[in-house]
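Please open the model in a viewer and keep the selection tool at hand. The tour below proposes what to select at each stop.

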Amino acid sequence: SIVLVTIDTLRREHLGCYGYPRPTSPRVDALAAQGVLFENVLAPIATTFPSHLSALTGLYPHQHGSTSNRGALRKPYSPAPGRMSAAGALGAVGYRTAGFVSVVVLHTRTGIGAGFETYDGPAIGVGKRVARETMDKSLAWLAALPADEPFFLWVHLFDVHEPNEPEAEFAALLAPDEALRGFVAQRGLDPAELTRRFAGNRGIGERFFALPPPKPERQLRGQRARGLPKKSAPKAASFPIDAEALVRLHARYDACVRQVDHEVGRLIDALVLRGSWPRTAFVFTADHGQSLGDGAHLGHGLNTQVNVSIPLVIHFPDGAVSQPAKIGKLVSLVDLMPTLLAALPIAGLEAYRAQFSGRDVLNPGFRRAGVFTAEATEFHRAKKRPFEGALVTERWKYVRAEGAPGRLYDLAGAGEALDVSVEQAAIARELDALLSAELASSILVPEDSEPLDPDGQALLDQLEELGYGGGDEDE
């Protein structure tokens with residue numbers, strides 16, 4: 001059986017198994033100590049819907065056709081030859097399949113639930129739910145399943161996504177302390193620049209700095225009903241974005257990490273109790289990372305290393321691979337299913353395996369020039385932007401948007417703060433050619449601008465209210 005747990009918006013360096021000094025992840029750390037920890041994994045895009053679709057299909061966004069959350073409402077995913085999802089492929093060979101998600105950006109309307117026998121998430125109008133509720137539903141489904149039936153279970157947990165609102169128990173456990181202050185100080189964040197950009201931004205204050213909403217929601221709805229633009233609500237008074245405010249932001253984030261870690265532990269315990277653990281591949285990963293002030297940004301969606309760097313831990317069934325182990329190779333989330341299925345003796349998946357752009361990274365002969373990452377083409381309350389892709393190697397990152405010159409970053413040097421494409425012209429040319437070759441497999445076409453139906457528009461409005469799809473891009 002296969003269990004896939006995805007944590008929305010999880011930075012890998014906030015997990016103990018990746019070196020974090022605070023007790024955010026005891027259950028995941030124990031999982032990593034028994035399984036395979038992948039140390040250098042990149043999401044193909046720092047946006048929830050297309051990144052999850054890449055994990056399920058083994059395809060990059062330009063190959064499965066989705067490059068934004070909003071676009072999935074206008075053009076839902078539909079399985080087709082060469083674009084099958086894990087749920088449909090495994091269901092066709094006799095697996096019981098279920099997906100339990102925690103936010104409407106993964107609503108059935110997007111098509112991502114295709115192939116799942118059971119697919120459950122919050123309704124339009126509800127928006128999101130806490131990890132405990134999603135896990136309760138997942139465990140109930142698992143408990144009703146005959147013990148001898150193989151299954152594919154996907155569980156998506158949202159609590160780590162902003163606004164971070166941890167339960168009291170976890171907030172107290174991960175309250176600000178000197179270890180956290182030291183960690184935040186070492187990150188080189190710039191409170192003055194963050195203040196300059198965001199101190200008067202109501203949305204940023206509410207989503208990242210625990211600023212309470214200034215008006216009852218019904219009053220805001222009244223403004224919308226009268227046809228006033230969403231931005232017409234008065235801006236918040238200036239709020240502090242100083243060093244201590246950033247420490248508190250990180251503390252809330254850490255507490256939410258511990259909160260989902262607790263729920264992951266409940267799922268592991270249930271698998272052990274029902275006797276499924278020795279025969280189950282258990283995957284723990286994320287759809288993307290998060291800027292918590294890094295580079296004077298807040299949120300995600302951008303094609304930056306802090307946004308695309310994610311954790312990946314796999315506990316394989318007994319005897320499938322040599323574990324525990326640590327893998328330092330550069331890995332993409334599109335490699336997940338190819339690597340998993342190479343280790344599992346599941347017959348009848350030849351067509352699904354044939355579509356993968358990802359590779360089996362545990363194969364001793366595994367080599368690659370680099371991995372592809374992209375930036376969302378559309379954020380909420382913002383115009384569409386040209387598709388931007390990057391080719392990332394162990395040291396270099398070459399980025400090119402449609403109609404713009406390429407940029408080259410030395411990840412072992414100044415990183416994304418300095419374009420070295422002129423000084424390293426030969427490397428830039430080599431990576432530009434590799435990026436062009438990768439993009440030759442693109443199926444992207446211009447999307448139509450037909451208006452959404454009422455349910456689709458309601459879902460889009462709700463995504464905006466949840467702050468989904470671009471972090472600080474709505475400033």
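Begin by selecting Arg266, which in this predicted model is partly exposed, with a relative accessible area of 25%. Then add Asp136, also partly exposed at 37% relative accessibility. The two residues form a salt bridge whose closest N and O atoms are 2.7 Å apart. This pair links distant parts of the chain: Asp136 lies in helix α6 (residues 131-143), while Arg266 belongs to helix α12 (residues 243-273), and 130 residues separate them.

Remain in helix α6 and select Arg132, whose partner lies in the loop between β5 (151-157) and α7 (168-173). That partner is Glu167, and the side chains meet in a salt bridge of 2.3 Å, N to O. Arg132 is partly exposed, with a relative accessible area of 39%, and Glu167 is partly exposed at 28%.

Next, select Glu13 and Arg187, a salt bridge with its closest N and O atoms 3.5 Å apart. The two lie 174 residues apart along the chain. Add Arg11 and Asp294 to the selection: salt bridges that share partners join these four residues into one network. In total, the structure holds 24 salt bridges.

Now turn to strand β2 (residues 36-42). Six of its seven residues are buried, so the strand is largely enclosed by the rest of the structure. Which strands pair with β2? Strand β9 (residues 309-315) pairs with it in the antiparallel sense over five bridges, and Val41 stands opposite Ile310 there. Strand β10 (residues 325-332) runs parallel to β2 and is joined to it by six bridges; here Leu37 stands opposite Lys326.

Finally, select helix α2 (residues 48-57), where 10 of 10 residues are buried. Gly58 follows this helix, with a positive phi near 75 degrees.

Key. Residues numbered from 1 in each chain as written. Predicted model: local features only at pLDDT ≥ 70, side-chain atom pairs only at ≥ 80, totals over all residues. Heavy atoms only, no water. Buried < 20%, exposed > 50% of the residue type's maximum accessible area, 1.4 Å probe, protein only. Helix = DSSP H or I, 4+ residues; strand = E, 2+ residues; numbered from the N terminus. Pairing = 2+ DSSP bridges.
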